[in-house]
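Student: Could we go through this model together? I would like to ask what stands behind the labels.

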Amino acid sequence: MSFASLVSRNLFRQRMRSVLTVVGISVGITIVVALGSITGGLRQTVGGWLEIGGADFVVARKGSADFSFSTVSDKELRQLTALNGVERGTGVLIRVTRHRSNPYFILMGIRPADLATSPPALVAGRLPRPGATHEVLLGSRAAASDDAAPGSSVIIDEERFRVVGVYRSHDVMTDSGAYAPLETVREIARTPGVVTAVWVVAGAGTDASTLASEIEDRFPTLVTVRGVEDFGKVDQGIAIMDALDLAVTVLAVGLGAIAVMNTMIMAVFERTREFGILRAVGWRGSRIMRLVVTEAVLLCLVAAVVGTACGLLAARAVLLIEEVRGILQPTYTVDVFMRAILIAAGVGLAGALYPAYRAVRLSPMEALRHE
């Protein structure tokens, strides 16, 4: 009997125990894959926000608990745009409100002239005109939800707007939102004289990182967000999701290792005489250890496949909730799948070490006498 056939035979010897072990480990991997996909979707959304208007970085209020709570005054906006090296500074007021089934509809207030400087990708209609107060540019998802098109009207936050255009964005939250004139959004939000943040474009020949550092030095109450990794300065959501993702991964490894160890200890105990015979016919201890570890790792890799498939289905199932569909689009990156495989391999190795050590420590005579 070959080594591979011996491994497969041993795994099928106690089918129910092997199945239960695979189920236990795959549940943990399902959660890891689903949560990783959702976190990746949130990161993509944040990345889309940071790239509005082709900005190099975003300036917001330091210490804000949530990005939408940030406030930058018009005075600070003027001072920022007057700095050497700043080609353009665009102030945007973000209003989070409920619209139809979307509880996190993003209404972005921006001056029409600023929007025209670096507009989103239009799929229909035109941009709001300077001086207009109740013209709105809808994202394609929002337009589909409202069954709206250029020329129709929509009610957002109890205000009636005329739809003048539809744009498309690669992140779902922006695509499910809308652009409206800044002053109108200020009236709706009752926040005169402020914007949520300023999207800054560095001038030609200006290093964006140096400019961002200079802004933080000159404005101690403001921070610059240059990438998704900096978003925690103004919003704790991503940091919390990352911490939760790590915690779930650690729990999955720990609980999975215990499940594998339990299965392999029982298997080693039941096969004590078998190991004695193998040692008696010339098998070295290292080969027996390799047999036990291979069985455990193979069991976990099967769980990785099952768990990854279930994780993908779970992430897709979340989108069946209408309230979630407007704010989240899971992303499936290579990192998520690699993590599932590494967790499975790590669980297999961690869970098999003690049983393998116990199997090797048995002397042939002791094993053969075992009842």
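**Contacts, cores and salt bridges**

Tutor: Gladly! Not counting residues up to four places away in sequence, Val136 touches Val154, Ile156, Phe161, Arg162, Val163, Val164, Gly165, Ala178, Tyr179 and Ala180, where contact means heavy atoms within 4.5 Å. Apart from the core around this residue, the largest one, with 35 residues, lies another core, of 25 residues, among them Val248, Met264, Ala303 and Ala340. This is a predicted model, in which local features need pLDDT of at least 70 and side-chain atom pairs count only at pLDDT 80 or more, while totals for chains, interfaces and linings use all residues. Residues are numbered from 1 along each chain as its sequence is written, and side-chain values use heavy atoms, with hydrogens and water left out.

Student: What makes a set of residues a nonpolar core?

Tutor: The members are buried Ala, Val, Leu, Ile, Met, Phe, Trp, Tyr and Cys residues joined through side-chain atoms within 4.5 Å. In the largest core, Val136 and Leu138 have the most contacts.

Student: Why is Val164 called buried or exposed?

Tutor: Buried means under 20% relative accessible area, exposed over 50%, and partly exposed in between (1.4 Å probe, protein chains only). Val164 has 4%, so it is buried. This residue is found in strand 8 (residues 159–168); strands (E, at least two residues) and helices (H or I, at least four) are DSSP runs, numbered from the N terminus.

Student: How do you know that Arg100 and Asp146 form a salt bridge?

Tutor: A salt bridge needs a side-chain nitrogen of Lys or Arg within 4 Å of a carboxyl oxygen of Asp or Glu. For Arg100 and Asp146 the closest N and O atoms are 2.2 Å apart, so the pair qualifies. Arg100 lies in the loop between strand 3 and strand 4 and Asp146 in helix 5, so the pair ties together parts that are 46 residues apart in sequence.

Student: Which of the two partners is buried, and which is exposed?

Tutor: Arg100 has a relative accessible area of 54%, so it is exposed. Asp146, at 10%, counts as buried.

Student: Why does the pair Glu135 and Arg126 count as a salt bridge?

Tutor: The closest N and O atoms of Glu135 and Arg126 are 3.0 Å apart, so the cut-off is met. Glu135 is buried at 12%, whereas Arg126 is partly exposed at 23%.

Student: How many salt bridges does the structure hold?

Tutor: The structure holds 8. Asp74, Glu183 and Arg186 are linked in a network of them.
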